[in-house]
Amino acid sequence: MMREQNYWLTTVAMPNVGRSRPLPETVDVAVIGAGFTGMSAARTLASRGARVAVLESQTIGWGASSRNGGMVLTGLKLGVNKLISLYGRDLARRMYAASLATIDCVERIVLEEGIDCDFTRSGHLEVACKQKHFDDYARQADVIAREFNHQLHIVQKNDLAGEIGSSIYFGGMVDEVSAGLNPAKYVAGLARAAAGAGAAIYENAQVQRIERSAHNGTKGWQVTTSLGTVWSRDVFVGTSGYTGEATPALRKKIVPIGSYIITTAVLAEALARELSPRCRMIYDSKNYLYYYRLTPDNRMLFGGRAAFFPETADTIRQSAEILRQGMIQVYPQLRDTEIEYVWGGTLDFAFDIMPHAGQLNGIYYALGYAGHGVAMATYQGQKMAERIAGGAPDNPFAEIPFPGAPLGLYNGNPWFLPLAGAWYRFLDWVS
Ligand SMILES: Cc1cc2nc3c(=O)[nH]c(=O)nc-3n(C[C@H](O)[C@H](O)[C@H](O)COP(=O)(O)OP(=O)(O)OC[C@H]3O[C@@H](n4cnc5c(N)ncnc54)[C@H](O)[C@@H]3O)c2cc1C
C-alpha cells in the first residue's frame, strides 16, 4: 500500500535535542532553520565557543534536508560554459573547486562526528535524453578537464548497460567524486553534533519578526518567535525554500519550487543490480528532469518536478502517478513493482540559479541551492559560521550579486510557476 510519507524518516529517530524549553534571554547567534545549513553553522559556531540558539518552526530536519534524494553532487546547477561566461575564468574556477570541496566537507563531518548515514562515494551518472545532449557531454567534460582540472568520463550508448539497466538514453557522463547518503540520518547526525558542541536547538519556534535592538550598548537583534523572544548579536538565516515573512527581503529573492519523490518496495538483489549496477546517483539531461537512485536497502527512489508548486496533499498524490509513469519509461522492469512511499518538498531557486551567501540588511544568510543543496548547504553553513565568528573564509558565492526578480515583479508569491512549468516543458521539446 502506498503511504504519503517520507520514506527516509522511517529509517531514523530524530534526536531529542529540540524539545521545547524557555528561550534564553540572550545568545551570540540565532540560527533560523534546523536543516543542513542551520545545523552545519550551529555546529561550527558552537565548537568555537559561541552561544547559539537554533530556532526551527517545525522539527529538526523537517524541511528539504530530510526529504531530498540524498545525492551529494559535484558541480553547480548552472552549466560550466554559462558559469565561465557570467563570472569569468578565475571566479568560475574557484566556484567549481568549491563545489568539489563541498563533498569533502560532508565526508569530513560524517567521519569526525561518526554519523551513521550510509555515506558512499558511489559517483553520479548524468544520462542524455537526446543525441545532441550526449554530443554536448564531451564538450562539457573537455571544459571541466581543461578549466577546472577535474575528470569526468563519457559513457557511450553501447557501454551504458554497465551503468544503468535502461535502454532509452543516448549515453552518459560519470563523475566518480559524487556520493550518496541517507539525508534524514545525516541531518539527525548533524543536529546531534551541533547539540554536542553546545548549540541549543528549539523546535516549534517559528521566527515571526527580527528587529534591530541594542542590549547593554551592543548592537544586535530582537528575535520574536512563537516560543517568546531572544536577543541575539547576530542572526543567520538558513530557511531555503521555506523562507517566509520573517525575512521579507530574502523571500523576494527566492522562488520556492516543488519536487516530489516515490520509492518502490524493496527490490530483489539481482533486479537492483540490473537497474543500477554501480549504485550511482542518476539524473537525466532535461530541464524538467528525473533523478533516481537505489536506497541503501535496495528500493528504487525516483524523483522529479512532477508539479512545479510546493507540496500539498493534492500535488503529492498527483505526483505519485506522474512519477510512476516516468519511472516505467526509464525502467519497464518496474511495471509491476509496488510504490510504497510518496512525498514532496520545496526547493529554493534564486533568479540566477546560483547559491548565495552573505549579509542582507545586516542579517547573515545562505540559500539558493537549486536542488544541489546536500553538500552546498553543509559547506555554506560552515563557511558563514566561520565568517560570523570573525574569520574571512574563501567563499566565491559570497562575492556575487544576489539579483531580485526582473523588473521587481515578485513579492514572494510565485504567481508565474504554471508559466515556468510550461516554459521548461517547451524547452525540453525544442532543445
Ligand atoms: C524533493 C527534494 C529532493 C532533493 N534532492 C536533492 C539531492 O538529491 N541532492 C541535493 O544536493 N539536493 C537536493 N535537494 C535540495 C536540498 O535538499 C536542499 O538544498 C537542502 O536540504 C537545503 O537545506 P537547508 O538547511 O538550507 O533548508 P531546509 O532543510 O529546507 O530547512 C529550512 C528550515 O527552515 C525552517 N524555517 C523556515 N522559516 C522559518 C521561520 N520563520 N522560523 C523558524 N524556522 C523556519 C523550516 O521549517 C525548515 O525546516 C532536494 C530537495 C527536495 C525538496
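This section describes helix α1, the surroundings of the ligand and the aromatic pairs in a predicted model.

Helix α1 comprises residues 36–47. At 1.5 Å a residue, its 12 residues should span 16 Å, and the end C-alpha atoms are 16 Å apart, in agreement with that expectation. Because 11 of the 12 residues are buried, α1 is largely enclosed by the rest of the structure. The buried residues are F36, T37, G38, M39, S40, A41, A42, R43, T44, L45 and A46. Just after the helix, G49 adopts a positive phi of about 95°.

Helix α1 also takes part in the shell around the ligand. Polar contacts to the ligand involve both backbone and side-chain atoms of the protein. A polar backbone atom of F36 is 3.0 Å from an oxygen atom of the ligand, and a polar side-chain atom of T37 lies 2.7 Å from a ligand oxygen atom. A nitrogen atom of the ligand, in turn, is 3.1 Å from a polar backbone atom of G69. On its own, the ligand has 1000 Å² of accessible area, of which the protein covers 97%. Two or more residues are given to the shell by each of α1, α2 (64–67), β12 (254–264), β16 (339–350) and α9 (373–388). The ligand is surrounded by 37 residues, of which T37, E56, S65, M71 and V207 come nearest. By class, this shell holds 15 nonpolar, 20 polar and 2 charged residues.

The count of aromatic pairs comes to 10. One of them joins F36 and Y186, whose ring centres are 5.2 Å apart with the planes at 40°, so the pair is tilted. F36 lies in helix α1 and Y186 in helix α5 (residues 183–197); the pair therefore ties together parts that are 150 residues apart in sequence. F36 is buried, with a relative accessible area of 2%, and Y186 likewise counts as buried, at 0% relative accessibility.

A further aromatic pair, formed by Y292 and F302, is stacked, with 5.0 Å from centre to centre and 20° between the planes. Y292 belongs to strand β14 (residues 290–294) and F302 to strand β15 (residues 300–304), and the two residues are 10 residues apart. Both Y292 and F302 are buried. These two residues, together with Y290 and Y331, form one aromatic cluster.

Terms used
Residues are numbered from 1 along each chain as its sequence is written. This is a predicted model: local features need pLDDT of at least 70, side-chain atom pairs count only at pLDDT 80 or more; totals for chains, interfaces and linings use all residues. Side-chain values use heavy atoms; hydrogens and water are left out. Helices (H or I, at least four residues) and strands (E, at least two) are DSSP runs, numbered from the N terminus. The expected span of a helix is 1.5 Å times one less than its number of residues. Buried means under 20% relative accessible area, exposed over 50%, partly exposed in between (1.4 Å probe, protein chains only). A residue is near a molecule or strand if one of its heavy atoms lies within 4 Å of it. A polar contact is a pair of N or O atoms within 3.5 Å; within protein, one must be able to donate a hydrogen and the other to accept it, and residues adjacent in sequence count only if both atoms are side-chain atoms. Accessible areas come from the Shrake-Rupley method with a 1.4 Å probe; for residues, only the protein chains shown count as cover. Ala, Val, Leu, Ile, Met, Phe, Trp, Tyr, Cys and Pro count as nonpolar, Asp, Glu, Lys and Arg as charged, and the others, Gly among them, as polar. Rings of Phe, Tyr and Trp (its six-membered ring) pair if their centres lie within 6.5 Å; planes under 30 degrees apart count as stacked, over 60 as edge-to-face and the rest as tilted.
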